[in-house]
Amino acid sequence: MEISGWDVATVFAKAVTYAATFGSAGAVFFLLYCSTLLRDQQRALIRRLIAILVGVAAAASILRILLLAGSMSGDMAGMVNRTFAGMILGAGEGRASGVRVVGLALILFALSNNSMFRGPAILGAVAASTSFAWVGHIHAMTPNIAPGLLLCLHLLCAAFWLGALTPLLIIATGAHQPQIAAAASRVGELALKVVALLIAAGASLLLMLIGNAAQFWGSDYGRMMAVKLLALAALLSLAAWNKLALTPKLLRGDRRAMVKFRRSLLAEMSVGALILLTTAAFTTLTGPP
């Protein structure tokens, strides 16, 4: 598989779009189910994080379209070519970007303290995180309704899980241990159900994509998928360690567990970034055999 500079730039732009979109959507979910555990200053920091991530996600989405247009022409001038941009926007990428931008705009309602804006913010988080299902390899499947719904569920679970990591780190930095323990415990309990759904939806999609197993795993798509699955296994191991080992220690008041918990969150964020980068690579550069 030959990879050009345009391909590399496009993959990184998509990975940033994933990360910022899931991060902003997941932070909205976090504010919803951990609201009673947060102090005003922490809510303000998380809302500031949401605003930043919304801006990054919108900018990365636009940049990705420009890079796709540039890759079609092979030069920088193609990035501002209306014909190429129109072709991209008229296809699935345009629909996905449109839904994402609307969702991101609705997420900004989470910046308000007014509870009446909570509904639109949650709706925006759902729309933005599932916007990636509007384009991709599943649309080549017939029928594609079930795969599309499974992908939406998978994306929502990913946003919930990965998007909770930075808000948790905000709480874990400078907060009292009882609050850290309570937040970790609440997220951990919900994550058990969310991760189960994520795995079930992802496994179902994978089974739908695999035709000939030897041909699938021997392809570029299959090899990249294997890297993602290995990284996911590592992420699950870290999450299990948090839930089963660190959280009980936090609840018992073990101060050494606080440092380990912060390090574990940073490790989860790093592995999560690898998963998103790998996903961006195999959904951009190749397709199922």
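Start with Ile107 in this predicted model. Leaving aside neighbours within four places in sequence, Ile107 is in contact with Ser24, Ala25, Val28, Ile50, Val54, Ala121, Gly124, Ala125 and Ala128. Helix α4 runs over residues 92–107, and α1 over residues 5–33.

Now zoom out to the packing around it. The largest nonpolar core has 78 residues, and Ile107 is among those with the most contacts inside it, along with Phe30, Ile50 and Phe261. Helix α1 gives the most to this core, with 12 residues. As a bit of background, nonpolar side chains tend to be buried together in soluble globular proteins.

While you're looking at α1, pick out Thr21, which lies in that helix. Is Thr21 buried or exposed? It's buried, with a relative accessible area of 0%. Not counting residues up to four places away in sequence, Thr21 touches Ala57, Arg100, Ala128, Ser129 and Phe132. Ala128 turns up in the contacts of Ile107 too.

Next, slide back to the segment before α1, where Ile3 lies. With a relative accessibility of 47%, Ile3 counts as partly exposed. Together with Val8 and Phe12, Ile3 forms a nonpolar patch on the surface, and the three have about 270 Å² of accessible area together.

For a well-covered element, go to α7, the helix spanning residues 165–172. Here 7 of the 8 residues are buried, so the helix is mostly covered. The buried ones are Leu165, Pro167, Leu168, Leu169, Ile170, Ile171 and Ala172. What does the covering? The cover includes α1, α2 (40–73), α6 (145–162), α8 (177–209) and α11 (256–285). Just after α7, have a look at the backbone of Gly174, which takes a positive phi of about 90 degrees.

On to charges. Side chains of opposite charge can pair when their charged atoms come close. The model has 5 salt bridges by the rule used here. One of them joins the side chains of Glu93 and Arg64, at 3.4 Å from N to O. Glu93 belongs to α4 and Arg64 to α2, so this pair ties together parts that are 29 residues apart in sequence. Both ends sit under cover: Glu93 is buried at a relative accessible area of 10%, and Arg64 is buried at 7%.

Compare that with the salt bridge between Arg223 and Asp220, where the side chains meet at 2.8 Å, N to O. These two are 3 residues apart in helix α10 (residues 220–251), which means they are separated by about one helical turn. Here the partners are partly exposed, with Arg223 at a relative accessible area of 44% and Asp220 at 27%.

Another salt bridge pairs Asp254 with Arg256, whose closest N and O atoms are 3.7 Å apart. Asp254 counts as partly exposed at 22% relative accessibility, whereas Arg256 counts as exposed at 64%.

Right beside Arg256 in the numbering comes Ala257, found in helix α11. In contrast to the exposed Arg256, Ala257 counts as buried, with a relative accessibility of 1%. Setting aside neighbours within four places in sequence, Ala257 is in contact with Leu246, Lys249 and Leu250. If you want a sense of span, try a C-alpha to C-alpha distance: Ala257 and Met141 are 47 Å apart in space, and 116 residues apart in sequence.

Last, the cysteines. How many disulfides are there? The count comes to 0. Cys152 is in no disulfide, and the nearest cysteine sulfur, that of Cys157, is 11 Å away. Why no bond for Cys157? The closest cysteine sulfur to its own is in Cys152, and 11 Å is too far for a bond, given that a disulfide needs sulfur atoms within 2.5 Å. The two also fall in separate burial classes: Cys152 is partly exposed, with a relative accessible area of 23%, while Cys157 counts as buried at 5%.

Definitions and conventions. Residues numbered from 1 in each chain as written. Predicted model: local features only at pLDDT ≥ 70, side-chain atom pairs only at ≥ 80, totals over all residues. Heavy atoms only, no water. Helix = DSSP H or I, 4+ residues; strand = E, 2+ residues; numbered from the N terminus. Buried < 20%, exposed > 50% of the residue type's maximum accessible area, 1.4 Å probe, protein only. Contact = heavy atoms within 4.5 Å. Patch = residues over 30% accessible without salt bridge, like charges linked within 9 Å, V, L, I, M, F, W, Y side chains within 5 Å. Areas by Shrake-Rupley, 256 points an atom, 1.4 Å probe, with all protein chains shown as cover. Salt bridge = Lys/Arg side-chain N within 4 Å of Asp/Glu carboxyl O. Core = buried A, V, L, I, M, F, W, Y, C linked by side-chain atoms within 4.5 Å.
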